[in-house]
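Hello,

Here is the structure I promised to pass on to you. Have a look at it first, and then read my notes below.

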Amino acid sequence: GLTAREAYMVTINGDLALSFTAQPDSELAMVEKESPIESVEVTEADDGYLLTVISRLPMGSSCSSFSGYKINRRFFDRVEVTLTHQEVAEASVPCTADLPVVVTEIPLGDSFESGQTYTVSVNGEETSFTAQ
């Protein structure tokens with residue numbers, strides 16, 4: 001007896017315990033896409049280097065979610081990272097316009113040669129750092 005996309009609250013003894021939105025019987029098809037990147041920064045950490053990436057969910061929090069990242073270190077002086085999100089495949093679905101910020105911290109480790117400059121590319125957005 002629930003209506004799809006309507007918010008419901010479950011209360012126990014007068015206290016709010018859970019709030020949820022009913023989903024339609026058929027799950028929306030999702031596709032994985034590269035996330036839009038706002039900034040990338042590499043900082044030194046106790047156990048090596050830390051990459052901090054700021055991205056956004058381009059279809060709002062109701063129609064997209066963070067998926068993850070992949071690191072490629074096939075080149076000596078370059079680290080390539082792909083950051084992805086899931087979003088609804090159907091263009092006719094109404095989505096929120098909140099476009100939430102996602103901050104992702106990615107440990108890069110300490111296997112960098114001192115004095116060498118490295119380039120880090122995240123979905124084409126690049127930054128460089130010199131290993132200490």
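**What I found**

Cys63 is buried, with a relative accessible area of 2%. Please keep in mind as you read that this is a predicted model.

**The disulfide**

Cys63 is a good place to start, as a disulfide joins Cys63 to Cys95, with an S to S distance of 2.1 Å. The structure holds one disulfide. Its link is left-handed, with -95 degrees about the S-S bond. Cys63 lies in the loop between β5 and β6 (64–75), while Cys95 lies in the loop between β7 (78–88) and β8, so the pair ties together parts that are 32 residues apart in sequence. Unlike the buried Cys63, Cys95 is partly exposed, at a relative accessible area of 31%.

**The aromatic rings**

Next, have a look at the rings. The structure holds six aromatic pairs. Two of the residues to find are Tyr49 and Phe112: their ring centres are 5.5 Å apart and their planes stand at 85 degrees, so this pair is edge-to-face. Tyr49 belongs to strand β5 (residues 48–56) and Phe112 to the loop between β8 (101–109) and β9, so the pair ties together parts that are 63 residues apart in sequence. Tyr49 is buried, with a relative accessible area of 8%, and Phe112 is buried too, with 10%.

Tyr49 also pairs with Phe129. Here the ring centres are 4.8 Å apart and the planes are at 40 degrees, so the pair is tilted. Since Tyr49 lies in strand β5 and Phe129 in strand β10, this pair ties together parts that are 80 residues apart in sequence. Phe129 is buried, as is Tyr49.

Which residues do ring pairs link into a cluster? They are Tyr49, Phe76, Phe112, Tyr118 and Phe129.

**The hairpin**

Phe129 has already brought us to strand β10, so let us end there. Strand β10 (residues 125–130) runs antiparallel to strand β9 (residues 117–122), and six bridges join the two. β9 and β10 form a hairpin with two residues between them. In the turn, Asn123 has a positive phi of about 50 degrees. To find the pairing beside the turn in your viewer, look for Val122, whose bridge partner in β10 is Glu125.

Best wishes

Definitions and conventions:
Residues numbered from 1 in each chain as written. Predicted model: local features only at pLDDT ≥ 70, side-chain atom pairs only at ≥ 80, totals over all residues. Heavy atoms only, no water. Pairing = 2+ DSSP bridges. Helix = DSSP H or I, 4+ residues; strand = E, 2+ residues; numbered from the N terminus. Phe/Tyr/Trp six-rings, centres within 6.5 Å; stacked < 30°, edge-to-face > 60°. Buried < 20%, exposed > 50% of the residue type's maximum accessible area, 1.4 Å probe, protein only. Disulfide = S-S within 2.5 Å.
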